[in-house]
Amino acid sequence: MIICHCQTISDYDIHAAIDWMRAADPDTLITPGKVYRALGKAAECGGCVPLFLETMRANPNLPITQDIPMHLCTLRGATQEKPNERRQKSY
Ligand code: FES
């Protein structure tokens with residue numbers, strides 16, 4: 001199935017690129033931009049991004065298999081605990 005019509009990228013191409021990148025480096029962070037680059041293409045309109053991401057998430061090789069370091073596990077909570085960003089109440 002064609003995922004990106006601008007660049008004619010299929011779901012097979014995306015899965016092949018992810019599998020290749022994961023085999024080359026088990027610790028790499030795979031992003032849509034890296035998938036485009038691995039396929040020798042670049043996004044144009046961006047209209048395919050939601051389906052592109054959904055296709056990427058369906059690949060079992062997408063997540064990093066290595067455990068996330070403990071000090072990074074709490075990062076999301078630490079960055080979201082800023083109730084006051086020094087903005088005025090009326091802002
Ligand atoms: S449909 Fe993928 S960049 Fe336009």
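Colleague: What makes the span of H1 close to the expected one?

Modeller: Helix H1 covers residues 11-24, which is 14 residues, and reaches 20 Å from its first C-alpha to its last. At 1.5 Å a residue you'd expect 20 Å, so the two values agree. Bear in mind that this is a predicted model.

Colleague: Which residues of H1 are called buried, and what earns them that word?

Modeller: They are Ile14, Ala17, Ile18 and Met21. Each counts as buried because 20 or more other C-beta atoms lie within 10 Å of its own.

Colleague: And why do you say they line one face of the helix?

Modeller: Look down the axis of H1: the buried residues fall within an arc of 100°, so they sit along one face. In general, an α-helix has 3.6 residues a turn, so residues three or four places apart point the same way. On the face turned away from the buried side of H1 you'll find the exposed residues Tyr12 and Ala23.

Colleague: What do the buried residues of H1 pack against?

Modeller: Strands E1 (2-4) and E2 (9-10), plus helices H2 (32-38) and H3 (49-57).

Colleague: What makes up the largest nonpolar core?

Modeller: That core has 10 residues, among them Ile3, Ile14, Val35 and Phe52. They belong together because they are buried nonpolar residues joined through C-beta atoms within 7 Å. H1 gives the most to this core, with 4 residues.

Colleague: Which residues does Ile3 touch, leaving out those up to four places away in sequence?

Modeller: Its partners include Ile9, Ile14, Leu51 and Phe52.

Key. Residues are numbered from 1 along each chain as its sequence is written. This is a predicted model: local features need pLDDT of at least 70, side-chain atom pairs count only at pLDDT 80 or more; totals for chains, interfaces and linings use all residues. Helices (H or I, at least four residues) and strands (E, at least two) are DSSP runs, numbered from the N terminus. A residue is buried if 20 or more other C-beta atoms lie within 10 Å of its own, exposed if 12 or fewer, and partly exposed in between; C-beta atoms are placed from the backbone. The arc is that of the directions from the helix axis to the C-beta atoms. Two residues are in contact if their C-beta atoms, placed from the backbone, lie within 7 Å.
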